[in-house]
Amino acid sequence: MLAGIIDAYIAEKRDKEERGNDKFRVSSAGMCRLARYWKRQGKAETDPPDVRTLRVFEVGKIHHEWVQGILREKGLLIACEETLEDKDRRGHLDAIVKAEKPILYDLKSCHSGKFSYLEKGEVDAHRAHQIVTYALMWNEAHPDQQVNDCRLVYISKDDLRIAERPVWIAEWEAKVEEDWSLLERAWIDQCEPKPNGEPWMCRYCEYRTACEVRMDRR
């Protein structure tokens with residue numbers, strides 16, 4: 001009974017969050033442009049996440065709120081879950097923290113096995129696109145409080161190990177701006193962009209069946 005109540009609660013939350021796809025989501029930066037285009041259109045998902053996946057997402061949110069709560073209690077938060085948006089994009093940054101210079105943190109929770117891999121590997125391009133987009137939008141909206149220090153934070157769900165990985169704006173800015181420019185142009189023209197997701201993106205894509213059908217028709 002309790003599992004059913006929790007699953008229904010999570011599903012209701014997601015349903016509310018899925019409404020109002022009037023803008024591209026910053027959290028989708030660097031992902032397949034066709035999937036992002038369809039999401040903004042409000043196209044029905046052919047492969048929605050299952051119950052277990054929704055639970056995993058919810059656990060990640062709980063970890064984020066826990067870290068944010070600690071930062072708030074310590075008086076270190078400049079901004080938390082602040083909405084950033086322009087005419088085409090909307091998102092909510094995880095945290096900007098007081099330091100010698102403000103630090104923008106993007107929090108990502110994962111299981112311990114993946115954590116061990118991520119803390120030693122290269123920064124994932126999708127995550128880099130996301131945090132750099134937040135930094136650029138924040139700096140545009142707050143010219144007197146610029147952020148130049150961006151850090152991707154991995155949190156192990158099992159034992160709360162934490163690893164910080166720097167993401168350099170100068171290294172990613174041109175790639176990030178090109179990605180958004182191509183997507184925004186497709187939206188202006190109302191012309192579906194070509195799918196450009198990596199294999200792992202396609203495997204978990206909420207539109208993978210629709211995309212396969214689309215490609216078969218060509």
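Start by selecting R151 and E164: their side chains meet in a salt bridge, 3.0 Å from N to O. Color the two strands while you're here, because R151 sits in β7 and E164 in β8, so the pair ties together parts 13 residues apart in sequence. Keep in mind that this is a predicted model. Now switch on a surface. R151 has a relative accessible area of 25%, so call R151 partly exposed. E164 comes out at 40%, so E164 is partly exposed too.

**More charged pairs**

Side chains of opposite charge can pair when their charged atoms come close. How many salt bridges does a search of the whole structure find? The tally is 21.

For the next stop, pick R90 and look for its partners. One of them is D22, with the closest N and O atoms 3.1 Å apart. This pair links distant parts of the chain: D22 belongs to the loop between α1 (2-18) and β1 (24-25), while R90 belongs to strand β4 (residues 89-92), 68 residues away. Add E85 to the selection: E85 also forms a salt bridge with R90, and there the closest N and O atoms are 3.2 Å apart.

Are these three buried or partly exposed? R90 has a relative accessible area of 25%, which makes R90 partly exposed. D22, at 43%, counts as partly exposed, and E85, at 44%, is partly exposed as well.

**Into the core**

Hide the surface and select L93, L104 and V167. These are the residues with the most contacts inside the largest nonpolar core, which has 41 residues. To see what builds this core, color the elements that give two or more residues to it: the helices α2 (33-41), α4 (112-118), α5, α6 and α8 (208-216), plus the strands β6 (103-110), β7 (149-156) and β8 (162-167).

Another core, of 10 residues, lies apart from this one; L71, A95, V97 and Y105 are among its members.

Center on L104 and show what surrounds it. Setting aside residues up to four places away in sequence, L104 touches L93, A95, I96, I131, Y134, A135, V147, D149, C150 and R151. You've met R151 already: it's the residue whose side chain pairs with E164.

**The second largest pocket**

Next, select D86, K87, D88, R89, T133, L136, M137, V176, E177, W180, S181 and E184, the residues that line the second largest pocket. Which elements give two or more residues to this lining? They are α5 (125-141) and α6 (169-189). The largest share, 5 residues, comes from α6. The pocket's volume is about 210 Å³.

Color the lining by residue class and you get 6 charged, 4 nonpolar and 2 polar residues.

**Last stop: T133**

Stay with the pocket and zoom in on T133, one of its lining residues, which you'll find in helix α5. Is T133 buried or exposed? It's buried: the relative accessible area is 1%, and buried means under 20%.

What is T133 in contact with, leaving aside its neighbours within four places in sequence? Show V26, A29, R89, V176 and W180, and you have the contacts. Compare with the pocket selection: R89, V176 and W180 appear in the lining too.

Key. Residues numbered from 1 in each chain as written. Predicted model: local features only at pLDDT ≥ 70, side-chain atom pairs only at ≥ 80, totals over all residues. Heavy atoms only, no water. 1 Å grid on protein atoms, 1.4 Å probe; cavity = no way out; pocket = protein on both sides within 12 Å on 5 of 7 lines; lining within 4 Å. Points joined across faces, edges and corners; volume = space filled by probe spheres on them. Helix = DSSP H or I, 4+ residues; strand = E, 2+ residues; numbered from the N terminus. Nonpolar A, V, L, I, M, F, W, Y, C, P; charged D, E, K, R; others polar. Core = buried A, V, L, I, M, F, W, Y, C linked by side-chain atoms within 4.5 Å. Buried < 20%, exposed > 50% of the residue type's maximum accessible area, 1.4 Å probe, protein only. Contact = heavy atoms within 4.5 Å. Salt bridge = Lys/Arg side-chain N within 4 Å of Asp/Glu carboxyl O.
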